[in-house]
Amino acid sequence: MAAPTPNTITVTLSQLAKTIDHSLLHPTLTDADIQTGLTICSTYRVATACIKPYHVALASTTLANTGVGVCAVIGFPHGNSTTASKVFEAREAAAGGAREIDMVINVGKALSGEWAYVADEIRAVHEAVRAEGAALKVIFENDFLADEHVVRLCEICTELEVAFVKTSTGYGFVKQPGGMYNYKGATPSHLKLMRKHAGKDIQIKAAGGVRTLDDLLFVMSVGVTRIGATATVAILEEARRRGITDEPTTVTFKPMAEDQDGGY
């Protein structure tokens, strides 16, 4: 019997870098840690530095003229702020230099089926962000949701014409039967579900669990155009070791496991 055809994709090194939002979101990060992370962003020419709102000014100044954008998170990580608070936070971040805004939905309202509330909140933040010339990514936190919720959120975001739908915050821990907390983050089934039900002009961001070059190549193969990652250096250095250059390079990859543990 013939061996199965390996999974392959053709990419460039710069394309891989511009798929990454380098995550600088852990609550313990000091200003010095942030500066180190911003240096990584500029050195590797990633898409954006994904930061907490109070670091927008620092990141905007540090990354000026590097080609790396600033992405700020809003209502992060639990999405429980009022709509007015999210709007204010998003507007301030965008006005301060964040060109992309990643907002967490109100998960409890989604689980309650209060879709008018969910849609109105996304719409209000989207309008505030667009008024400042920025783009909105909407974080679902899929670990807390059933497939039907993910589908409805994709439909709402398509209707509102947001820029991206995003799987997770990377901090949405779910209590397991043994009492421990863990999460899966971006899973193959959810990524395929989101790509199927989000409009063709809506991009997909995978966050949580994309930690290796193989993970990145796999999610790109199913239609993801952006990831959130802290493993940026490891991913891009592995790409170099495997012969990926700025010329189109065809490489094989190992698919992500459906049940792998999450973790930025």
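Which residues are linked in a network of salt bridges? In this predicted model, they are D21, E100, D102, K137, K166, K205 and R226. The close-ups below start with the barrel, then go through some of the charged pairs.

**View 1. Eight strands make a closed barrel.** Going around, the strand order is β2-β3-β4-β5-β6-β7-β10-β11, and the pairing is parallel. From one strand to the next, the twist averages 25°. As a general reminder, strands of a sheet pair through backbone hydrogen bonds, in either a parallel or an antiparallel way.

**View 2. Helix α2 lies across two strands, β2 and β3.** The helix covers residues 31-44, while β2 takes in 20-24 and β3 takes in 48-51. Relative to β2, helix α2 runs at about 170°.

**View 3. Strands β5 and β6 sit side by side as a parallel pair.** Five bridges join β5 (residues 100-104) to β6 (residues 135-139). Look for I101, which stands opposite L136 in β6.

**View 4. E100 and K137 form a salt bridge between β5 and β6.** Their closest N and O atoms are 2.5 Å apart. E100 belongs to strand β5 and K137 to strand β6, so this pair links distant parts of the chain, 37 residues apart. Buried or exposed, these two? Both E100 and K137 are buried.

**View 5. K205 reaches D102 in another salt bridge.** Here the closest N and O atoms are 2.8 Å apart. K205 lies in strand β10 (residues 203-207) and D102 in strand β5, so the pair ties together parts that are 103 residues apart in sequence. K205 has a relative accessible area of 0%, so it counts as buried. D102 is buried too, with a relative accessible area of 0%.

**View 6. The charged network takes in both of those pairs.** E100, K137, D102 and K205 are among its members, and the others to pick out are D21, K166 and R226. In general terms, side chains of opposite charge can pair when their charged atoms come close.

**View 7. E238 and R242 form a salt bridge as well.** The closest N and O atoms of this pair are 4.0 Å apart. How accessible is E238? Its relative accessible area is 26%, so E238 is partly exposed. R242 comes out at 30% relative accessibility and is therefore partly exposed as well. The pairs in these close-ups are just a sample, as the structure holds 18 salt bridges.

Conventions:
Residues numbered from 1 in each chain as written. Predicted model: local features only at pLDDT ≥ 70, side-chain atom pairs only at ≥ 80, totals over all residues. Heavy atoms only, no water. Pairing = 2+ DSSP bridges. Helix = DSSP H or I, 4+ residues; strand = E, 2+ residues; numbered from the N terminus. Axes fitted to C-alpha atoms, helices over the stretch in contact; angles between N-to-C directions. Contact = heavy atoms within 4.5 Å. Salt bridge = Lys/Arg side-chain N within 4 Å of Asp/Glu carboxyl O. Buried < 20%, exposed > 50% of the residue type's maximum accessible area, 1.4 Å probe, protein only.
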